[in-house]
Amino acid sequence: MAKKHFMCTHTFLGDEAKKMFEDASLDMTDRDMFAAVKTEKAEMLGHWRGEEDFFFCHWYAESEDAIHAVLEELEVDKMCATSVNEMSRFVTAQDKNSRLVGDPDNE
């Protein structure tokens with residue numbers, strides 16, 4: 001099955017859940033974090049987190065279910081509610097090209 005791009009919003013289920021998440025990742029490097037969330041069907045490509053009660057991740061996966069499977073395996077689902085949104089168009093400054101921007105609903 002072909003992989004697609006997804007953006008996820010992860011919202012902590014409360015202060016205790018946020019602390020559990022932080023404690024679980026205290027000794028992880030960026031390399032460790034990306035390795036921990038990579039499977040044959042889904043992998044995280046980017047992670048954005050500030051001080052708020054939510055954070056964002058960019059996933060490359062076969063399906064929404066493949067992402068949720070990774071989160072359940074790591075028990076992130078016990079700490080965060082996750083909204084998964086497929087993105088039909090992915091553009092990055094690292095891959096500039098001359099294709100027309102177009103309409104993502106018609107791609």
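In which strand does Phe-56 lie? Phe-56 belongs to strand S3, which covers residues 54–61. The model examined here is predicted. Phe-56 is partly exposed, with a relative accessible area of 33%. It is one member of a nonpolar surface patch. The other members are Trp-48 and Phe-54. Together, the three residues have about 290 Å² of accessible area.

Aromatic residues also meet in ring pairs. A pair of aromatic rings is described by two values, the distance of the centres and the angle of the planes. The structure has four aromatic pairs. In one of them, the ring centres of Phe-12 and Phe-55 are 5.5 Å apart. The planes of these two rings stand at 45°, so the pair is tilted. Phe-12 is in strand S1, whereas Phe-55 is in strand S3. The two residues are 43 residues apart, and their pair links distant parts of the chain. Both Phe-12 and Phe-55 are buried. A further pair joins Phe-21 to Phe-55, with ring centres 5.1 Å apart. Here the planes are at 35°, so this pair is tilted. Phe-21 lies in helix H1 and Phe-55 in strand S3, so the contact of their rings ties together parts that are 34 residues apart in sequence. Phe-21 is buried, with a relative accessible area of 13%. For Phe-55, the relative accessible area is 3%. Residues under 20% count as buried, and Phe-55 is therefore buried at its value of 3%. Phe-12, Phe-21 and Phe-55 form one aromatic cluster.

Charged side chains were examined next. Side chains of opposite charge can pair when their charged atoms come close. The structure holds seven salt bridges. Among them is the bridge between Glu-43 and Lys-3, where the closest N and O atoms are 3.8 Å apart. Glu-43 lies in strand S2 (residues 42–49) and Lys-3 in the segment before S1, so this bridge ties together parts that are 40 residues apart in sequence. Glu-43 is buried, with a relative accessible area of 18%. Lys-3 is partly exposed, with a value of 24%.

Another salt bridge is found within helix H1. The side chains of Lys-19 and Asp-23 meet there at 3.0 Å, N to O. These residues are four residues apart in helix H1, so about one helical turn separates them. Lys-19 is partly exposed, with a relative accessible area of 49%. Asp-23 is also partly exposed, at 41% relative accessibility.

Lys-78 forms a salt bridge with Glu-75, and the closest N and O atoms are 3.8 Å apart. Lys-78 is exposed, with a relative accessible area of 54%. Glu-75 counts as partly exposed, at 43% relative accessibility. Elsewhere, salt bridges that share partners join Lys-3, Lys-38 and Glu-43 into one network.

Lys-78 also appears among the contacts of Leu-13. Leu-13 sits in the loop between strand S1 (4–12) and helix H1 (15–25). It is exposed, with a relative accessible area of 52%. Leaving aside residues up to four places away in sequence, Leu-13 touches Asp-77, Lys-78, Met-79, Cys-80 and Ala-81. Leu-13 and Met-79 are 66 residues apart along the chain. Their C-alpha atoms are separated by 5.6 Å.

How values were computed. Residues are numbered from 1 along each chain as its sequence is written. This is a predicted model: local features need pLDDT of at least 70, side-chain atom pairs count only at pLDDT 80 or more; totals for chains, interfaces and linings use all residues. Side-chain values use heavy atoms; hydrogens and water are left out. Buried means under 20% relative accessible area, exposed over 50%, partly exposed in between (1.4 Å probe, protein chains only). Contact means heavy atoms within 4.5 Å. Patches are made of residues with over 30% relative accessible area and no salt bridge: like charges are joined within 9 Å, nonpolar side chains (Val, Leu, Ile, Met, Phe, Trp, Tyr) within 5 Å. Accessible areas come from the Shrake-Rupley method with a 1.4 Å probe; for residues, only the protein chains shown count as cover. A salt bridge is a side-chain nitrogen of Lys or Arg within 4 Å of a carboxyl oxygen of Asp or Glu. Rings of Phe, Tyr and Trp (its six-membered ring) pair if their centres lie within 6.5 Å; planes under 30 degrees apart count as stacked, over 60 as edge-to-face and the rest as tilted.
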